[in-house]
Amino acid sequence: LGKCGGLKDFVHVGDFILPIAAIRAEGTSDSYYPPEVPALPSFQLQKAVSHTIVANSQKYHTGTIYTTNRRIWEHDDEFKEYLRRTRCIGIDMETATLFIASFANHIPHGALLLVSDVPMTPEGVKTGRSDSKVTRDWSAVHLDIGIESLSTIGVQGEQIKHFRY
């Protein structure tokens with residue numbers, strides 16, 4: 001569970017994104033595999049999360065997340081144009097690292113991201129105040145979906161290494 005910035009016009013603060021992949025632009029994942037190796041989630045885990053989201057009457061988007069270690073990029077128009085060309089739905093600093101490190105260690109992995117800002121527009125850049133509001137308004141349902149998904153997998157699905165009640 002984490003937060004991300006929404007990069008598409010149809011993605012809004014408070015939406016959920018279930019990533020189908022992540023672009024590895026953060027550098028850390030290069031310690032595990034060559035850059036050509038894609039950062040992908042475990043399908044069974046993402047499928048279970050998808051079912052839980054729907055069962056909780058929430059909507060979500062799927063797509064690729066751009067993972068970067070770059071700070072203050074929101075004011076760089078050239079980089080923002082590059083992001084548009086990648087066709088990514090969201091941006092964060094962790095998803096690709098999580099996917100690759102978990103894959104390298106044979107740990108089933110996935111992500112459910114909460115859109116905390118829409119940084120492609122100046123008024124959409126995250127602030128302390130806006131982030132607090134997102135946390136207050138959406139973190140409980142975000143956490144509930146994550147816990148329910150893992151609990152369901154633990155009872156009905158395939159075994160997940162390291163998962164304990």
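Is Ile 72 buried or exposed? At 60% relative accessibility, Ile 72 counts as exposed, since the cut-off for that class is over 50%. The model is predicted. Ile 72 sits in the loop between S3 and H2. Its phi is positive, about 55°, although the residue is not a glycine. Most residues other than glycine have a negative phi.

His 106 has a positive phi too, near 60°. This residue belongs to the loop between helix H3 (95–104) and strand S5 (113–117). His 106 is exposed, with a relative accessible area of 64%. Arg 87, which follows H2, has a positive phi near 65°.

Now take helix H2 itself, residues 77–86. Its buried residues are Phe 79, Lys 80 and Leu 83. Viewed down the helix axis, these buried residues fall within an arc of 100°, so they line one face of H2. They pack against strand S3 (60–68) and strand S4 (90–92). The other side of H2 carries the exposed residues Asp 77, Glu 78 and Arg 85.

The N-terminal end of H2 is capped by Asp 76. One of its side-chain oxygens lies 3.1 Å from the backbone nitrogen of Glu 78. Within the helix, Arg 84 forms a salt bridge with Glu 81, and the closest N and O atoms are 3.6 Å apart. Why is the separation about one helical turn? The two residues are three apart in H2, and that spacing puts about one turn between them. Both ends of this bridge are partly exposed: Arg 84 has a relative accessible area of 44%, and Glu 81 is at 37%.

The structure holds six salt bridges. Side chains of opposite charge can pair when their charged atoms come close. One of the bridges joins Lys 3 and Asp 131, at 2.8 Å from N to O. This pair links distant parts of the chain. Lys 3 is in strand S1 and Asp 131 is in helix H4 (residues 128–156), 128 residues apart. Lys 3 is partly exposed, with a relative accessible area of 27%.

Helix H4 also holds a bridge between Lys 133 and Asp 137, with N and O 2.5 Å apart. These two are four residues apart in H4, so about one helical turn separates them. Lys 133 counts as partly exposed at 44% relative accessibility, and Asp 137 does so at 38%. Arg 136 joins them in a network of salt bridges.

Next comes helix H1, residues 43–55, which contains Thr 52. Which residues does Thr 52 touch beyond its neighbours within four places in sequence? They are Ile 145, Glu 148 and Ser 149. Thr 52 is buried, with a relative accessible area of 5%; the cut-off is under 20%. Its side chain makes a polar contact of 3.1 Å with the side chain of Ser 149. The Thr 52 side chain also reaches the backbone oxygen of Ala 48, at 3.0 Å.

The last stop is on the surface. Leu 1, Leu 143 and Ile 147 make a nonpolar patch of about 300 Å². Leu 1 lies in the segment before strand S1 (2–6). At 57% relative accessibility, Leu 1 counts as exposed.

Definitions and conventions
Residues numbered from 1 in each chain as written. Predicted model: local features only at pLDDT ≥ 70, side-chain atom pairs only at ≥ 80, totals over all residues. Heavy atoms only, no water. Buried < 20%, exposed > 50% of the residue type's maximum accessible area, 1.4 Å probe, protein only. Arc of directions from axis to C-beta. Contact = heavy atoms within 4.5 Å. Polar contact = N/O pair within 3.5 Å; in protein donor to acceptor, adjacent residues only side chain to side chain. Patch = residues over 30% accessible without salt bridge, like charges linked within 9 Å, V, L, I, M, F, W, Y side chains within 5 Å. Areas by Shrake-Rupley, 256 points an atom, 1.4 Å probe, with all protein chains shown as cover. Salt bridge = Lys/Arg side-chain N within 4 Å of Asp/Glu carboxyl O.
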